[in-house]
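This report covers helix packing and strand pairing in one chain. Please keep the sequence and the 3D view at hand.

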Amino acid sequence: MKFSRTAKGCMLMCAAATMLVSCSSLNYYAQAAQGQLTLLSDARPIEEWLADQNTDAKLRTRLATARQIRTFAVHELGLPDNNSYKNYASLARPFVLWNVVATPELSLKPVQWCFPVAGCVSYRGYYSKEDAAAYGRELRAAGNDVQVGGVPAYSTLGWFDDPLISTFIYYPDAELARLLFHELSHQVVYVQGDSQFNESFASAVEEAGVERWLSSYGNQAIRDNYIKFSARKKEFLKLLLTCRSALEETYASKASQANKRAAKARLFQKLKDDYQLLKLSWGGFAGYDRFFAEPLSNAHLASIATYNDFIPAFRALLAREKTFSRFYAAARVLAELDKDERHTQLKRLGGPIAVVAAAQQ
């Protein structure tokens, strides 16, 4: 059996990783390597799909749109011009993998897992929903709050040729552009062990990129749909941040553990009730229902700040630098600082307080 260069790289990385971990982690790395290898093996170039007469007409249109977005990312946003998102893989599952997030019972600080390439992150990914659920049960049995959530896409940080996948290819045009810009951004700048920096940077590129893409390629219907999408996202984020803030205040108080548990239950019930009211104001739009698929817990809110804390800072940095190339160079300078100094610099530009205020407007 012959393997591609990327497949060989996947196996070599896994072999190196296994030498750095205990035997208890080998099964996890094995499933990760097998899942990545299978994904790469199933992917075929977009041109092959377009040339195949058996390719569904709708898929053909989506692939052509993705190709145009990919070209825009390179020429207009300065994102990497490599083989990422130039292949397509069709999967027989709704998500490419499932992430497990965990926190202590009375804390919003997520459990950290450390890996050879990605560094320390607040999630653990599985290509099998059953495996993710099993690990989630193990963490719950140890007294943690846990969320197991499906992930439509992820970045290998340029180590492999990330493909387009059936789990997101049918997203509306602007949302597809948003996702591709975000994932490609991780190949530009990535700091091990600083998810707040990494995700906020990618989210800022995503937002600014979609604005430019809409200006060049969006018609009125696409713009209107994306405005609705963004407004709903902002309102939902406000809901989560409000609940998160109340929980943080509760956990930091001098109340007894029993009273903290009771307050926690009330706050999560309020979150569910407020979401139902929000859905009514959206005309019944149920796009965020899967957030509530499992019983709510601290783990559901642990990553909210990670993706949003420093977006205002990066938007301010982009406005200051004016071009994406200079913006990326400035972000790389920040990446070279130690974490505390990096966060201090970002807060000066416009940090966590700014994003909460923006969400509440």
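In this predicted model, α12 passes α13 in a right-handed crossing. Helix α13 spans residues 324-335. The two helices pack at an angle of about 130°, with their axes 8 Å apart. That angle makes α12 oblique to α13, because it falls neither in the 65 to 115 degree range counted as roughly perpendicular nor over 145, which counts as roughly antiparallel. On the α12 side, the contact is made by F314, L317, L318 and E321. On the α13 side, F324, R326, F327, A330, A331 and L334 take part. By class, this contact holds eight nonpolar and two charged residues, and no polar ones.

Helix α12 (residues 311-321) also packs on helix α7 (residues 195-217). Here the angle is about 55°, and the axes lie 8 Å apart. The pair α7 and α12 is therefore oblique. The crossing of α7 and α12 is right-handed. From α7 come F197, S200, F201, S203, A204, E207, A208 and E211. They meet I311, F314, R315 and L318 of α12. The residues of this contact divide into seven nonpolar, two polar and three charged. F314 and L318 of α12 contact α7, and F314 and L318 also take part in the contact with α13.

The strands come next. Which strands pair with β3, and over how many bridges? Strand β3 (97-103) pairs with β7 (residues 145-151) in the antiparallel sense over seven bridges. Strand β3 also pairs with β6 (residues 124-126), again antiparallel, over three bridges. A further antiparallel pair is β1 with β2 (residues 87-89), joined by two bridges. The table sets out these pairs, with one facing residue pair for each.

| Strand pair | Bridges | Facing residues |
|---|---|---|
| β3 and β7 | seven, antiparallel | V101 and Q147 |
| β3 and β6 | three, antiparallel | N99 and G125 |
| β1 and β2 | two, antiparallel | R44 and Y88 |

Are the residues of β3 buried or exposed? Strand β3 is mostly covered: seven of its seven residues are buried. L97, N99, V101 and T103 point one way from the strand. W98, V100 and A102 point the other way. Residues on both sides of β3 are buried. So V101, which stands opposite Q147, is buried by the cut-off of under 20% relative accessible area.

Its partner β7 is covered too, with seven of its seven residues buried. D145, Q147, G149 and V151 lie on one side of β7. V146, V148 and G150 lie on the other. Both faces of β7 are covered. Q147 of β7 is thus among the buried residues, and Q147 is the residue that V101 faces.

Another sheet remains. Three strands form an open sheet in the order β1-β2-β8, with mixed pairing. Strands β1 (44-45) and β8 (164-165) stand at its edges. Each has a single partner strand, so one side of each is left without a neighbour in the sheet. R44 of β1 has Y88 of β2 as its bridge partner.

Technical notes: Residues numbered from 1 in each chain as written. Predicted model: local features only at pLDDT ≥ 70, side-chain atom pairs only at ≥ 80, totals over all residues. Heavy atoms only, no water. Axes fitted to C-alpha atoms, helices over the stretch in contact; angles between N-to-C directions. Helix = DSSP H or I, 4+ residues; strand = E, 2+ residues; numbered from the N terminus. Parallel < 35°, antiparallel > 145°, perpendicular 65-115°, else oblique. Left-handed = near helix turned anticlockwise from the far one by under 90°. Contact = heavy atoms within 4.5 Å. Nonpolar A, V, L, I, M, F, W, Y, C, P; charged D, E, K, R; others polar. Pairing = 2+ DSSP bridges. Buried < 20%, exposed > 50% of the residue type's maximum accessible area, 1.4 Å probe, protein only.
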